[in-house]
Amino acid sequence: MTKTIRPPSTLSAFLHYVSLNMLAMLGTSCYILADTFFVANGIGEDGLTALNLVLPLFNIMNATGLMIGIGGATKYAIHKARGEQEAGSQIFFHALLLAGVASVVFMLVGLFGADPICRWLGSDAVTHDKMVVYLRTLYCFAPLFLCNQLFAAFVRNDGAPNRAMLGTMLGTLGNIVLDYLFIFPLGMGMLGAVLATACAPLIGITIQSFYFRKPTCQIRVRPCRLRWQMFQPIFLLGGAEWITEVASGIVIFCFNFVILKKAGNTGVAAYGIIANIALVAACLCTGIAQGVQPLLSRSYGKGEQIEMKKLLWLTLCTALGFAGVLYGVLFGFTEPIVRLFNSTGNSTLQAMAETGTRIYFVAFFAVGVNIATSAFFAAVERPAASFCISLLRSGVLLLPLVFLFAAVWGMNGVWVSYPAAELGTCLVAVLLLVRYWRKQQKQKGKIVEDVD
């Protein structure tokens, strides 16, 4: 008698995909966090300031890789759930071409635009050369970053989240080892830090590449005539990811601009500590959302609304639980965490970063909900709602608040503006979710009436 193999439960599938993807995103975020730690301890406050001023440009490149990878892979998962494998393979081909074009653009910007861009970002005599070296080298390695994001997203949506996680984690380990070697024994300074970060995706690409040779892999490159209909879903379904990631860069840029006026380079260095911890936290929130995306897209492709609702609730509860743990750790251990990045023992920087950490990270009770909701709408082909949430987060609310609060309350106002903007976005996100499910309920009722 043949034994029936039952599919995994909603909870077990959710935990499997989300835990592996959170580990993968932790690895991605550690590219910059490792740089921050080694730059702070090996180069000092000036290096930390330079790194934070150029960080928004890393966000833009990372955002582009996420958009192409997540947008293409989301549509691929929907086609796969419907048995449309040929269309899925064509999406992969178009995503590869898009990644190639974007890589060339980033390389050209790095080679010819690094100097004026760094001046525009606020460099001075102390930080300018360090910023130019970091940005130019980083953008010249853009093909590795974009391909790594693309391969990981498609491999995860093809049913191999463990492979995607393994590639990212091994890449991160390589980054940490190379950071130490290049900055300390070899004394390469900022060039060493960026070379370590740039080489790490190569490890991830190598690990993902072996998956494409496995018989279970259904991803195929199908060269075909280029069509806008194939590019469109990549932009629409991945656009919210692009805005979400660029939002981090816009936040950092605006805060750097205001803090330079209020507290100078020391203030920017203090914010650099907060921003890099926040980058890791935001990546973990994104990891929750991206982890559940293949399951949501599959359920949506099959029309399983009850399953979709279960997955959404699990995602929101996980995001809120993560926020609680994160804030508890940061609030309880603020002083030693900040001291890890304050190698010179600057008391002004220490006090400023400690105060900022306790205020700034209140935002993450809303950040997780916002990222999860935006990703949910993208996974079920509702790009307008996804864009709305991402745009609110990226500056529509934050920009006026940071300037207004900074003018009224100084540095404390700067820290408060971020939680205020995320909370406002969260209210809109909840309203959009309620509206979506009410609309689904009405459509279901109408179908039942038509059948009767």
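Over residues 1–6, pLDDT (the predictor's confidence in each residue, from 0 to 100) stays under 50, and the model has zero contacts (heavy atoms within 4.5 Å) beyond four places in sequence for these residues. For the protein chain, the mean pLDDT is 84, and 94% of its residues reach 70 or more. The model is predicted, so that local features need pLDDT of at least 70 and side-chain atom pairs count only at pLDDT 80 or more, while totals for chains, interfaces and linings use all residues. Residues are numbered from 1 along each chain as its sequence is written, and side-chain values use heavy atoms, with hydrogens and water left out.

Two packed helices are described by the angle between their axes and the distance between the axes. Helix α2 (residues 45–81) and helix α4 (residues 128–140) cross at roughly 30°, and their axes come within 9 Å. The two helices α2 and α4 are therefore roughly parallel to each other (angles under 35 degrees). Residues of this contact include L51, L57 and F58 of α2 and M131, Y134 and L138 of α4.

Helix α8 (residues 228–302) packs against helix α12 (residues 364–379) at an angle of about 40°, with the axes 7 Å apart. That angle makes α8 oblique to α12, a term for angles that are not under 35 degrees, over 145 or 65 to 115.

Helix α12 also holds N370. This residue, N370, is buried, with a relative accessible area of 0% (buried means under 20%, with a 1.4 Å probe and protein chains only). Not counting residues up to four places away in sequence, N370 touches I389, R393, E422, T425, C426 and A429.

Terms used. Axes are lines fitted to C-alpha atoms, for helices over the stretch in contact, and angles run from 0 to 180 degrees between N-to-C directions. Helices (H or I, at least four residues) and strands (E, at least two) are DSSP runs, numbered from the N terminus. Buried means under 20% relative accessible area, exposed over 50%, partly exposed in between (1.4 Å probe, protein chains only).
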